[in-house]
Every structure is written in structure tokens, then in C-alpha cells.
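Here are my notes after going through the model. I've kept them as separate points so you can check each one against the structure.

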Amino acid sequence: MSGRVIRYFAGGNTARGFYSLFDSSLADLDRIFILKGGPGTGKSTLIKSVGNHWSEKGYDIEFLHCSSDPDSVDGVIVPSLMVGIFDGTAPHVIEPKLPGAVEEYINLGEAWDSKGLASRKSEIKDLSKKVSEAFQNAYKTYGEALKIHDEWEKIYYKNMDLAKADELTEKLKESFFGEVTLNKPSKIQHRFLGAATPIGPVDFVSNLTADIEKRYFIKGRPGCGKSTMLKKIVTEGENRGFDLEVYHCGFDPQSLDMVIIRELGIAIFDSTAPHEYFPSRDSDEIIEMYGTVIAAGTDELYEKELNECQIKYRDKMTQGTGCLANAKTLREKLEAIYIEHMDFTIVEKHKHRIQSEIELISQEKQ
């Protein structure tokens, strides 16, 4: 029987530039393989192949998807073996903390035909520059969208009952934790549940909460305190020794979108666009912020201003997606050049060596 596959993002194309949470995923691993090499050198294919192999052997695995191409992966972790393989190239450069003892570089550039690539130097340089510019344009556009979103939030925030928000948060904390405190340090993992990608917003909420017994869907408008409530739940869970999966917002990583407490079988998440979901199980529960924490009638009272913000925000987000799509198209051209000058039998040898080492680790842990 295949193991469970969890999917999430560890890096994001955000309103604050490319934002990495990779360090959190690497923190507890005993063995880390860091793949180096240019575009088109087979990093994602190698990672997927190794990950699927261990999943088929019955091990639970985690795939870290690429925000610039969600069909690709930037890493895989086999938690029970404390092993991970990661794409360590820009923008998510991974610096070894214990090189040799924990981390090892795998240079897929050994498979390059350097002379062939050198003959196309100007083309590679031009495409690389255009890819970088496309990403910078995306980050600039998302930054402009964030400013609009901030104005949008202000309208609701000034119509928010802070006392009721605090009361709701306290009720949830009491419902989740009761009087229970665990006699151990809390382990906190920081991730993204979704990302802005070249095809628009992509999220893995359904995958991440598939085996969660109790799911809370937070509904509400921008600025109604969803992220603040989640942050307070994280603090409470940490103080009580619970392990927490903390999922940051793929648009603004300073905000939170979801918290999962697997020891309690609980997930609570911002269930509004672009990751809007509705209850599909009897145990699912909606937490409605509008009309409770936010004064009823706010939508009608500020209809014109809210519509303007919404239209401007959506336009900027669409522009940002277009920039990412352009970057992907350009990068695919760059990848095609490298693929043409790669000897993938060498990449296969690297893959088999990694597999052999992980096999030894699995035997040692039996």
C-alpha cells in the first residue's frame, strides 16, 4: 500500500518578492541532498522519481511544489527516514549548515556539454535576463496589489468589533485546547498552503486536510482579523506544547491562512478567495466573521469604495499572473537549451546513488 503524499509550497511569489520557508522544512532532517544545476537539468524529475519510489514502498512523503511551475517540485521529504532532496538553486538557494555531515551537494552540471552551452552563451544570457525581469515585474505588481488590499482592509477594520473578535478567539482556544498542556516542546513547521503561479492561484487545502477530523472554515471580508486570530491560536498551541503546521499567505507571507494541529485532528483556515472552500463533511464547521465581528450592513454602506478596491486589486493580480506566465514561457525556452546539451545518463547515476544511500538509511532504521 502506498504511503500518504502531502503537498505544499515552501517558497512563494509574493507581494514582498520571492519568500522562502525552506529552512523550516529542512530543520529536523539528518540527511539532505542539495541539487545544483541550471534549468532543464532534471532536478524536478529526479526528486519526483525518488519520492514516488518511497511512496510506493509505503512511506509517507512530502512534496514541496514549485510556485513558478506548480507541476514541478522543489523538494521531497521522507519524514520517517529524516531524509530530504531539494533544488538548491536560485531563488531558493540552500546553504549547508553541517556540510558533509548532513547536507551534500549533488552537481547535475556534470552532465552538461559545456562547449555546446558556451556556443549559445548570448542566447542564455538574454533569456536569463528576461526571466529575471519578468519575475521582478510580478513582484512589483503584487506589491501594488497589496497596497490596494490594505486600503480594502481598512474599510472593514474600522467597522470591526475588537472585543467580539477577542471573545471569538478565546472561545476557539478553549474549544481546541481545553485544559490540556503537553509535557514537551512544541514543534512548528512553516509552509505555504498555496501560491501565486503562472496559471493563477493554486492551493493544496484539500490534500493537507484530507485526514483531519475537524475542519473550521473561516469566512469573512479582508481586514476582519482572520490572520490575527490564527496567530493567537498558534501562540496558544505553542505554549501548550502542541506540534503545529503554520501555513502562511502566498500573497502576503506576514499573514497566516491556516493552522493544522494534527495531534488534535483540527484544521482552521481562511476559506475565502482565492482558496474558497465550503463544508463537505458533517464535522465541518463555518466560522462567520461578517455580521458578527464585522458590523452587518458594512458592504452596503461602503459599496462604491469596496467595489473600486476589488476591481483594482483583481486587475493587479491578473497582471501579476501574466508576468509569471511570461517568466515561465521564457524559462521553458532556457530549459530547452540546457536539455539539448545534457547527458541524462549521468543524472540517472546520481539518482541511483541517492536512492542507494536512502536504502541504507532505511535499513539502519528498521
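1. Let me start with Phe135. With a relative accessible area of 15%, Phe135 is buried, because anything under 20% counts as such. Keep in mind throughout that this is a predicted model. Phe135 belongs to helix α4, which runs over residues 121–157.

2. Who surrounds that ring? Once neighbours within four places in sequence are set aside, Phe135 is in contact with Asn13, Ser68, Leu324 and Ala327. There's also a long-range pairing to look at: Phe135 and Asn326 sit 191 residues apart in sequence, yet their C-alpha atoms are 8.7 Å apart in space.

3. Ser68 deserves its own look, as one of the contacts of Phe135. You'll find Ser68 in the loop between β5 (61–66) and β6 (69–78). Is Ser68 buried or exposed? Its relative accessibility is 17%, so Ser68 counts as buried. Leaving out neighbours within four places in sequence, Ser68 is in contact with Asn13, Phe135, Pro198 and Lys328. Asn13 therefore turns up in the contact list of Ser68 as well as in that of Phe135, with the buried state of Phe135 given by its 15%.

4. Now a helix pair. Helix α2 (residues 43–56) and helix α10 (residues 344–364) have axes that come within 10 Å and cross at roughly 30 degrees. The crossing is right-handed. On the α2 side, the residues involved are Leu46, Ser49, Val50, His53 and Trp54; they meet Val347, Lys351, Ile354, Gln355, Ile358, Glu359 and Ser362 of α10. Sorted by class, this contact has 6 nonpolar, 4 polar and 2 charged residues.

5. On the overall fold, I count what the model assigns: 10 helices and 16 strands. Of the contacts with a separation of 6 or more, 79% are between residues 24 or more positions apart. The pair of Phe135 and Asn326, 191 residues apart in sequence, is an example of distant positions brought to 8.7 Å.

6. Finally, size and surface. The radius of gyration is 22 Å, which agrees with the value near 21 Å for a compact globule of 366 residues. Along the principal axes, the C-alpha trace spans about 65 × 50 × 35 Å. Buried residues make up 53% of the 366. The protein exposes about 17,400 Å², and carbon and sulfur atoms supply 51% of that area.

Conventions. Residues numbered from 1 in each chain as written. Predicted model: local features only at pLDDT ≥ 70, side-chain atom pairs only at ≥ 80, totals over all residues. Heavy atoms only, no water. Axes fitted to C-alpha atoms, helices over the stretch in contact; angles between N-to-C directions. Helix = DSSP H or I, 4+ residues; strand = E, 2+ residues; numbered from the N terminus. Left-handed = near helix turned anticlockwise from the far one by under 90°. Contact = heavy atoms within 4.5 Å. Nonpolar A, V, L, I, M, F, W, Y, C, P; charged D, E, K, R; others polar. Buried < 20%, exposed > 50% of the residue type's maximum accessible area, 1.4 Å probe, protein only. Rg over C-alpha atoms; globule rule 2.2 N^0.38 Å. Areas by Shrake-Rupley, 256 points an atom, 1.4 Å probe, with all protein chains shown as cover.
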